[in-house]
Amino acid sequence: MAITFYYGSGSPFAWKIWLVLEHKGLTYEAKRVMFDAKELKSEAFLALNPRGRVPVLVDDGLVIYESNAIAEHLEDRHPTPTVLGDTPAARARTRQIAAEADADLYRAQRELMANTLFRPAERRDTEAIERARGALLQELTHWQRLLGEAPYFGGPAPSLADYTAFPLLRAIVRVDDREPGLGLGDRTPAWQRDYLARMEASPAVQKTWPPHWRS
Ligand SMILES: N[C@@H](CCC(=O)N[C@@H](CS)C(=O)NCC(=O)O)C(=O)O
């Protein structure tokens, strides 16, 4: 059985799938698609995903795009170890948190990125950045409640909830890594720093660290 995984470095949706592949201990070939080179919109890539987005998974000839469809497919094909949980209640909670990350956390994170790293310095708007920061900090209070006292959003062990939320939570900190002063800085909540450190200690996260973040 051959699995090919197409990803873009730093894409949170692709990172989610990379972490699921690692969680399940699967053998796969990871193919990086370059955003800059417009590879995503090449004829060859559009034949895999007509929307020209990563991630894409090809599993024994079956082509799947949309990260949640891919994650569910991998869970169907390789149920053990599960990324969803062992009981209906655990699986429902995992899916709920993953959906919240994809929608609400992504929106808030994206707004900060769009106003900072993705915008040339001369076109940045201080008030828009402050608004994005405020909305993101508000969103993060919800994530603190979701985590509670547990080490992971999945409870005692990482699940798809973590593999969806972690790349977004880490990308927020990257704004400060790249350009100190534009991101949350000292306002990054302690629970978020602790959570990221916990996730970053795992071999799966180390192995799948976005290649262009290493340099
Ligand atoms: N809903 C999609 C979102 C995928 C997505 O937005 N991927 C981005 C990278 S984070 C992408 O490939 N963007 C390129 C583009 O839209 O041109 C999923 O979950 O897979």
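## Briefing: helix packing, ligand shell and domains

Helices α1 and α3 run roughly parallel to each other (under 35 degrees counts as roughly parallel, over 145 as roughly antiparallel, 65 to 115 as roughly perpendicular, the rest as oblique). Helices (H or I, at least four residues) and strands (E, at least two) are DSSP runs, numbered from the N terminus. This is a predicted model, in which local features need pLDDT of at least 70 and side-chain atom pairs count only at pLDDT 80 or more, while totals for chains, interfaces and linings use all residues. Residues are numbered from 1 along each chain as its sequence is written.

**The α1 and α3 pair**
- The axes of α1 and α3 come within 9 Å and cross at roughly 5° (axes are lines fitted to C-alpha atoms, for helices over the stretch in contact, with angles from 0 to 180 degrees between N-to-C directions).
- From α1, the contact takes Phe13, Lys16, Ile17 and Val20, and these meet Ser67, Ile70, Ala71 and Leu74 of α3 (in contact means C-beta atoms, placed from the backbone, within 7 Å).
- By class, this contact of α1 with α3 holds six nonpolar residues, one polar and one charged (Ala, Val, Leu, Ile, Met, Phe, Trp, Tyr, Cys and Pro are nonpolar, Asp, Glu, Lys and Arg charged, the others, Gly among them, polar).

**Around the ligand**
- Surrounding the ligand you will find Gly8, Ser11, Pro12, Phe13, Leu40, Gly52, Arg53, Val54, Pro55, Glu66, Ser67 and Asn68 (each with its C-beta atom, placed from the backbone, within 6 Å of the ligand).
- Two elements, α1 (12-23) and α3 (67-77), give two or more residues to this shell.
- The shell around the ligand splits into five nonpolar, five polar and two charged residues.
- Pro55 from the shell follows a cis peptide bond, the one from valine 54 to proline 55, with omega near 5°.
- Proline 55 sits in the loop between α2 (43-46) and β3 (56-59).

**Two domains**
- The domain assignment gives domain 1 (3-77) and domain 2 (88-208) (bounds come from an automatic or database assignment).
- Their C-alpha centres are 22 Å apart.
- Nine residues of domain 1 are in contact with nine residues of domain 2.
- On the domain 1 side of that interface, α1 gives the most, with eight residues.
- The domain 1 residues touching domain 2 comprise six nonpolar, one polar and two charged.

**Helix pairs in domain 2**
- Helix α4 (residues 88-115) packs against helix α5 (residues 126-147) at an angle of about 155°, with their axes 8 Å apart.
- The two helices, α4 and α5, are therefore roughly antiparallel to each other.
- The crossing of α4 past α5 is left-handed (the near helix is turned anticlockwise from the far one by less than a right angle; clockwise would be right-handed).
- Among the α4 residues in this contact are Leu105, Ala108 and Leu112, and among those of α5 are Ala132, Leu136 and Trp143.
- The contact of α4 with α5 has 11 nonpolar, two polar and four charged residues.
- Helix α6 (residues 160-178) and helix α7 (residues 190-200) have axes that come within 10 Å and cross at roughly 120°.
- α6 also passes its partner, α7, in a left-handed crossing.
- Asp162, Phe166, Leu169, Arg170 and Val173 of α6 make this contact with Gln192, Tyr195, Leu196 and Met199 of α7.
- Classed by type, the contact of α6 with α7 contains six nonpolar, one polar and two charged residues.

**Backbone points to look at**
- Threonine 80 and proline 81 are joined by a cis peptide bond, with omega about -5°.
- Proline 81 belongs to the loop between α3 and α4.
- Aspartate 60 has a positive phi of about 50°, although it is not a glycine.
- You will find aspartate 60 in the loop between β3 and β4 (62-65).

Key
Two residues are in contact if their C-beta atoms, placed from the backbone, lie within 7 Å.
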